[in-house]
Amino acid sequence: MKKILKNDGFQSFVASIICILIGLLVGFIALLIIEPSGAVDGMLAIIKNFMGYSSDVARTKYFANTLVYTAPLLMCSLSILFSYKVGMFNIGAAGQYVVGVAAAIYAALILHWSWFPCMVLAALAGVVWAVIVGLLKAYCNVNEVISGIMLNWIGLYITNIVLGAAKMPSSPYTYSLAKYADTAVIPNIGLDKMFKSPYAGLALPLAILFAIVIWVILDKTKLGYELKATGCNKNAAKYAGMAEKKNIVLTLAISGGLAGLGGAFLYLTDITQWFLGANSVPDMGFNGIAAAFLGGLNPIGTIFASYFLEHIMQGGSHLDLTTYCPEVSDMISAIIIYLCGFVGFMKYVMNKRRDTKKGGEE
Amino acid sequence: MEQEYVIEMLNITKRFPGIVANDNISLQLKKGEIHALLGENGAGKSTLMSVLFGLYPPEEGVIKKDGKEVKINNPNDANDLGIGMVHQHFKLVECFTVLENIILGVETTKGGILQKDDARKKVMELSDKYGLAIDPDALISDITVGMQQRTEILKMLYRDNEILIFDEPTAVLTPQEIKELMQIMKNLAAEGKSILFISHKLAEIMEVADRCSVLRKGKYIGTVNTSETTMEKLSAMMVGRDVNFHVEKAPAKPADVVLSVENMTVASKSHKKNAVNNVSLNVHAGEIVCIAGIDGNGQSEFVYGLTGLEPLASGKLVLNGKDITHDSIRKRNVEGIGHIPEDRHKHGLVLDYSLEDNLILQNYFEERFVNKFGFLKRKNIRDYANKLIEGYDVRSGQGPITRVGSMSGGNQQKAIIAREIERDPSLLIAVQPTRGLDVGAIEFVHKQLVAERDAGKGVLLVSLELDEVLDVSDRILVMYEGEIVGEFDPKTVTEDELGLYMSGAKRDEVTVK
């Protein structure tokens with residue numbers, strides 16, 4: 001039993017659960033403050049998400065849609081996690097995700113490429129965006145958070161400009177891929193029939209595969225050994241002759257590629273189209289931070305964390321809009337996500353409690 | 001009735017998870033005595049002092065002041081009881097003057113305006129009384145470490161502390177400063193102050209202390225009068241076995257030049273002068289060359305320049321006849337430099353990594369540890385780690401998978417030494433390799449250095465400890481303000497002579513041998 005309690009993975013799991021519960025509680029209190037009469041129903045709607053539907057078909061379909069949104073979130077959280085393990089906070093993942101979206105849609109609608117090259121271009125766009133951050137950090141000592149945030153905004157407006165060419169004349173959105181570029185839509189590999197949703201497809205299985213690949217790289221390879229050493233103690237890495245500058249750039253390149261692919265994984269399903277009037281960076285990249293921490297900074301953990309966060313966010317849209325204004329649903333999911341970022345802190349508290357208790361008992 | 005003991009710590013027990021740091025320890029301090037507290041690292045000295053200073057509550061035992069039981073819950077309580085401490089790392093504000101530092105926290109103010117005149121008078125009186133010779137208006141950043149220490153002493157005296165704790169006070173001082181400190185401590189005791197002197201340097205304890213209490217592995221071993229004991233007896237009490245203080249070694253047989261440094265200059269990061277200025281020297285195979293000097297005279301930067309951690313401003317480095325001036329760190333490591341770094345936590349180890357992963361830090365990229373697809377060969381790594389752990393007696397909780405950060409300092413250092421020596425370098429650079437280690441571990445490190453020398457390697461030792469400098473090396477070079485100012489034979493030079501060179505009072509022209 002003691003061994004289990006001390007096990008790092010188990011601790012992360014328990015800490016994540018505690019954070020989720022606190023998040024739900026605080027969200028519930030917020031609902032109570034805004035409008036007590038609908039709080040219980042509202043909270044249940046959020047937690048139930050697709051399970052709130054009465055018909056089987058609707059349930060499966062909306063479950064599938066939650067899964068579709070899970071894939072890009074998982075990619076963004078892998079992006080954050082990978083650079084975090086190497087001692088960097090890639091908040092620029094949000095921007096790398098956006099330029100990935102731009103590249104994917106542009107390749108699909110303007111260049112008429114099929115889905116696979118579209119994905120590759122999206123990944124490359126993310127790589128380029130992240131390498132700028134990496135070069136600035138490695139050679140000019142510019143903090144990756146500062147340059148990342150600035151590039152997020154630059155990426156957003158460039159995306160709006162570039163995708164102007166793919167805008168529908170009568171609406172502020174880009175064209176639907178299914179209608180105008182169906183070869184660019186990610187293959188359904190039969191999942192559409194299984195889930196009764198046209199958007200279900202290869203994206204999530206691919207994202208899960210990437211999670212496993214990242215886990216293998218970090219845990220089993222020489223590259224992971226070097227990168228993690230740099231992250232834990234960059235002085236020791238330098239002492240051991242590791243090329244720290246190269247490693248910084250390489251890490252961010254991989255990180256950016258993951259986020260860029262995330263952009264393709266969402267928009268190439270055609271579940272949504274890019275809104276050309278967007279004047280804030282999509283929160284997918286930022287939610288990736290919460291998912292990475294909620295998943296205990298473990299690639300496999302992030303799979304489940306990403307699903308959970310997406311479940312809550314999709315659930316938010318089921319909030320009764322006659323009782324609450326639409327922003328409330330975003331706010332509640334934000335509160336829950338925010339508290340999910342406290343996993344590390346929760347672990348620290350748990351360890352401290354255990355240690356003092358032990359010290360007193362013996 | 002006058003109490004014999006000013007402070008008594010009776011049957012103190014303090015536990016941490018998995019370890020009993022203090023196991024039923026008693027310590028009695030007489031008024032006006034200098035009482036040494038001796039023990040290896042991890043023996044429980046610091047914990048005991050932290051209990052006395054109110055940082056940890058003991059689980060069992062009582063503390064008595066003048067025969068009355070007291071509760072010390074925090075450092076303020078300790079101060080109220082007249083207990084003061086000079087920490088190993090001084091707690092001074094660099095950009096304040098000596099006087100400002102002394103009154104910091106107990107300033108007298110009138111209407112919000114600082115009143116320094118009375119304070120100045122009291123400080124000068126104290127300074128004169130104990131022969132501290134302090135300049136109250138000098139900035140801390142401008143004065144020597146010895147003077148900074150005196151400022152710390154004055155801080156305690158200004159607060160009318162009666163019980164003064166000195167935590168390893170001599171570690172940072174020159175031989176001359178150590179002598180002066182000893183005199184100051186004697187003056188303080190003569191005036192009725194009671195002193196607790198934490199140290200593991202036996203010679204100093206024998207010289208200055210009246211009595212000495214010894215701890216070993218958290219247990220109280222005994223208290224002896226220093227006039228009735230010897231260094232050998234004390235060390236046997238401390239370690240639990242007889243320790244050989246003097247390194248047994250045959251005369252050196254220097255052969256070819258392994259490392260040649262020509263006119264090396266390294267820029268300083270903190271000031272405009274060069275940290276290392278035009279240094280030339282040779283290290284031969286089969287000799288231990290020691291760079292002696294007071295901390296901060298360019299030794300660290302000199303080693304950084306050698307190992308590639310910092311770039312040279314000018315100069316040339318030749319290793320085994322090959323110019324390595326512009327080689328990367330990795331290339332230098334592979335070409336034959338082994339480096340036991342000054343700061344094992346900063347450079348030497350990845351504390352969050354396991355022991356086995358730290359043991360391959362310098363050669364993880366070799367074919368025996370990585371397959372052609374870039375995957376680590378875990379089995380080979382484990383075998384290699386086990387071989388080193390056994391060969392160098394590296395002790396840890398869970399063997400190769402122990403997190404290095406949880407290991408003791410001595411075993412961390414053993415791990416580094418194992419890693420560096422096992423790579424079979426032709427030049428071994430050891431920077432303060434025994435810093436913070438206890439007597440047993442120091443003996444081990446010194447034996448390893450001599451063994452490397454005898455195996456025909458060049459050994460460059462950088463040390464601040466004069467005992468070590470004189471005992472281990474075959475040739476001594478003194479570094480002062482980034483320059484080599486003297487070369488000596490350890491068999492003929494005295495500590496005093498070295499001290500004069502180390503403090504810049506004397507210098508010679510040194511020709512490269």
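B:Ala292 stands opposite B:Val478 in strand S21 of chain B. That one pairing opens a tour of a predicted model.

Some ground rules come first. Residues are numbered from 1 along each chain as its sequence is written, and chains are lettered from A in the order in which they are written. In this predicted model, local features need pLDDT of at least 70, side-chain atom pairs count only at pLDDT 80 or more, and totals for chains, interfaces and linings use all residues, while side-chain values use heavy atoms and leave out hydrogens and water.

**Strands around S21 of chain B**

Helices (H or I, at least four residues) and strands (E, at least two) are DSSP runs, numbered from the N terminus. Two strands pair if DSSP finds at least two bridges between them. Strands of a sheet pair through backbone hydrogen bonds, either parallel or antiparallel.

S21(B) covers residues 475-480. Is this strand mostly covered or mostly exposed? It is mostly covered, with 5 of its 6 residues buried. Buried means under 20% relative accessible area, exposed means over 50%, and partly exposed lies in between (1.4 Å probe, protein chains only).

S21(B) pairs with strand S15 of chain B, residues 288-292, in the parallel sense over 4 bridges. It also pairs with strand S22 of chain B, residues 483-488. Here the strands run antiparallel and 5 bridges join them. B:Ile476 has B:Phe488 in S22(B) as its bridge partner. The hairpin of S21(B) and S22(B) has 2 residues between the strands. In this hairpin, B:Glu481 takes a positive phi near 45°.

**An open sheet in chain B**

Chain B also has an open sheet of 4 strands. Their order is S14-S13-S16-S17, with antiparallel pairing. Which strands form the edges? They are S14 (274-284) and S17 (322-323), and each pairs on one side only. S16(B), residues 314-319, meets S17(B) over 2 antiparallel bridges. B:Val318 has B:Asp323 in S17(B) as its bridge partner.

**Salt bridges**

Side chains of opposite charge can pair when their charged atoms come close. A salt bridge is a side-chain nitrogen of Lys or Arg within 4 Å of a carboxyl oxygen of Asp or Glu. The structure holds 44 of them over all chains. Three examples follow.

| Lys | Acidic partner | N to O distance |
|---|---|---|
| A:Lys228 | A:Asp219 | 3.8 Å |
| B:Lys45 | B:Glu168 | 3.7 Å |
| B:Lys129 | B:Glu191 | 3.9 Å |

Look at B:Glu168 and B:Lys45. B:Glu168 lies in the loop between strand S9 (163-167) and helix H6 (175-190) of chain B, and B:Lys45 lies in helix H1 (residues 45-52) of chain B, so the pair ties together parts 123 residues apart in sequence. Both residues are buried.

The salt bridge of B:Lys129 and B:Glu191 also links distant parts of the chain, 62 residues apart. B:Lys129 sits in helix H4 (residues 117-129) of chain B, and B:Glu191 sits in the loop between H6 and strand S10 (194-199) of chain B. B:Lys129 counts as partly exposed because its relative accessible area is 48%. B:Glu191 is partly exposed too, at 44% relative accessibility. Salt bridges that share partners join B:Lys249, B:Arg453, B:Asp454 and B:Asp474 into one network.

In chain A, A:Asp219 is at 36% relative accessibility, so it counts as partly exposed.

**One buried lysine**

B:Lys193 lies in the loop between H6 and S10 of chain B. Why does B:Lys193 count as buried? Its relative accessible area is 8%. Contact means heavy atoms within 4.5 Å. Not counting residues up to four places away in sequence, B:Lys193 touches several residues, including B:Tyr130, B:Leu157 and B:Asn161. Its side chain reaches the backbone oxygen of B:Asn161 at 3.0 Å.

**Where the chains meet**

21 residues of chain A are in contact with 30 residues of chain B. The two chains bury about 2,200 Å² between them, 60% of it on carbon and sulfur atoms. Buried area is the accessible area (1.4 Å probe) that two parts lose on being put together, summed over both. In chain A, A:Lys222, A:Tyr225 and A:Tyr239 lose the most area to chain B, together 37% of what that side buries.

How many salt bridges does the rule find across this interface? It finds 0. Helix H11 (222-232) of chain A is one of the elements that give two or more residues to the side touching chain B. H11(A) gives the most, with 7 residues.

Technical notes
A polar contact is a pair of N or O atoms within 3.5 Å; within protein, one must be able to donate a hydrogen and the other to accept it, and residues adjacent in sequence count only if both atoms are side-chain atoms.
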